[in-house]
Amino acid sequence: MTKKILVIPGDGIGPEVTTWGKAVLEKIGKDFGHEFTYDEALMGHAAIEATGSPLPDETLEKAKASDAILFGAIGHIKYDNDPSAKVRPEQGLLGIRKGLGLYANLRPIMLFDELLDASSLKPEVLRGTDILFFRELTGDVYFGEKTRTQDFASDLMNYNRYEVERIARKAYDAASLRSKRVCSVDKANVLETSRLWREVVQEIAKEYPDVETEHMFIDNAAMQLVKNPKKFDVVVTANLFGDILTDEASQIAGSMGMLASASVGDGTGFFEPIHGSAHDIAGQDKANPLASILSVALMLEIGFGLPEEAKKVTAAIDKTLKAGYRTGDIADAKTDKAKILGTTAMGRKVLEYL
Ligand code: NAD
Ligand code: IPM
Ligand code: MN
């Protein structure tokens, strides 16, 4: 198989973890005889520094011309602490999602048994959890009109019927192949956008008579997710709710450093960890590279239709964890101190097992 892959390392721990995602992809390419070629592009703070724009035209053009994108993370503390900054790294990420029509963000909550004790939640609550989130990614309050005066600010939350229909269909299609259950999360008791959301999901549900549908309010869902995560299978929700719920859900998997995502839609697929640039650990060789490596597994499976190759990647991670190796974020009291590794050593271990 011949594929052109664009790598966008970004900021902070982005480049540190993406190095290992890319190394794994290169090894898979060689081992399976695929012709993967690579190009690189700037986004976020790195792009602002080099060009003045968080999403240079060249990056979007390269993205559109590629078969898949491996992205790291963007963000810089300088902007986090300056609410008045007009140009911001995050605009790059939002711009590329919109520019590529990436309306569906798949965030699987995959649980490695070895990490049951790494979570702050009880192992018996976690064991057996397997959730697939469908987060709508190009609508909602993220992209509505923004206004600001000295003493007033507004972010418009809006959804079009077709935007809800297409993400709902993706979720139901996936549920049809899994345990045939969809939980749609909204705030229809308060928000007009959520009432449209619920109405549309109820309609789409009729097209899938063998899939069971549950509607849940976001506040309740946030609670149920830590009370009894096993009750969820496919979850479909709006952009902002999905952003928040999946960071919460990362604690089921043990760490933000374990959650990968696939953003799909009209064209090129985009594969990225759910975490950010993590200023608190950037540049210290502490970041967990597994979310980036798992993003590569999603690229192989969802982006390229190569499930065997994807399985090799997750199996290599499984072996690394079974052998006791951990980055700091997923180490627990029982972890052998000598097996707590930095980003580089952990990346190398996964490659060795691969
Ligand atoms: P964050 O996800 O960067 O970090 C949250 C916490 O999780 C931190 O304590 C961090 O150390 C930890 N963490 C995250 N990834 C980890 C990894 N791979 N290994 C070990 N620990 C990890 O969220 P934040 O601190 O709220 O945001 C920092 C910056 O990142 C901000 O500028 C924000 O806008 C940006 N951000 C970008 C993305 C993205 O690029 N997709 C996502 C979220 C946040
Ligand atoms: C994510 C991030 C982004 C989001 C930010 C950085 C724009 O939190 O990818 O989850 O809110 O979508
Ligand atoms: Mn987020």
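**Close-up 1. Ligand 1 and its polar contacts.** Start with aspartate 280, where an N or O atom of the side chain sits 2.8 Å from an oxygen atom of ligand 1. The protein covers 72% of the 800 Å² of accessible area that ligand 1 has on its own. Keep in mind that everything in these views comes from a predicted model. Backbone atoms join in as well: a polar backbone atom of alanine 278 is 2.8 Å from an oxygen atom of ligand 1, and for isoleucine 74 a backbone N or O atom lies 2.9 Å from an oxygen atom of this ligand.

**Close-up 2. The shell around ligand 1.** Here we step back to take in the 23 residues around ligand 1, of which Asp80, Glu90, Gly276, Ala278 and Asp280 come nearest. Sorted by class, the shell has 10 nonpolar, eight polar and five charged residues. Strand E3 (68-73) chips in at least two residues, and so does helix H5.

**Close-up 3. Ligand 2 and the side chains that touch it.** Which residues are around ligand 2? They are Glu90, Leu94, Arg97, Arg107, Arg135, Tyr142, Asp243 and Ile274. Two arginines make polar contacts here: a side-chain N or O atom of arginine 97 is 2.7 Å from an oxygen atom of ligand 2, and a polar side-chain atom of arginine 135 also lies 2.7 Å from an oxygen atom of the ligand. Aspartate 243 has a side-chain N or O atom 3.0 Å from an oxygen atom of ligand 2. Of the 320 Å² of accessible area that ligand 2 has on its own, the protein covers 79%.

**Close-up 4. Where the shell around ligand 2 comes from.** Five of the shell residues are charged and three are nonpolar, with no polar ones. Both domains take part: domain 1 (1-104 + 260-354) and domain 2 (120-252) each give at least three residues. Among the contributors, helix H5 (residues 89-99) gives the most, with three residues.

**Close-up 5. Helix H5 on its own.** Which residues of H5 are buried? Look for Pro89, Gly92, Leu93, Ile96 and Arg97. These buried residues cover an arc of only 125° around the axis, so they end up on the same side of H5. As a rule, an α-helix has 3.6 residues a turn, so residues three or four places apart point the same way. Arg97 is worth a second look, since this buried residue is also one of the residues around ligand 2. After H5 comes glycine 101, with a positive phi near 65°.

Notes:
Residues numbered from 1 in each chain as written. Chains lettered and ligands numbered in written order. Predicted model: local features only at pLDDT ≥ 70, side-chain atom pairs only at ≥ 80, totals over all residues. Heavy atoms only, no water. Near = heavy atom within 4 Å. Polar contact = N/O pair within 3.5 Å; in protein donor to acceptor, adjacent residues only side chain to side chain. Areas by Shrake-Rupley, 256 points an atom, 1.4 Å probe, with all protein chains shown as cover. Helix = DSSP H or I, 4+ residues; strand = E, 2+ residues; numbered from the N terminus. Nonpolar A, V, L, I, M, F, W, Y, C, P; charged D, E, K, R; others polar. Domains from an automatic or database assignment. Buried < 20%, exposed > 50% of the residue type's maximum accessible area, 1.4 Å probe, protein only. Arc of directions from axis to C-beta.
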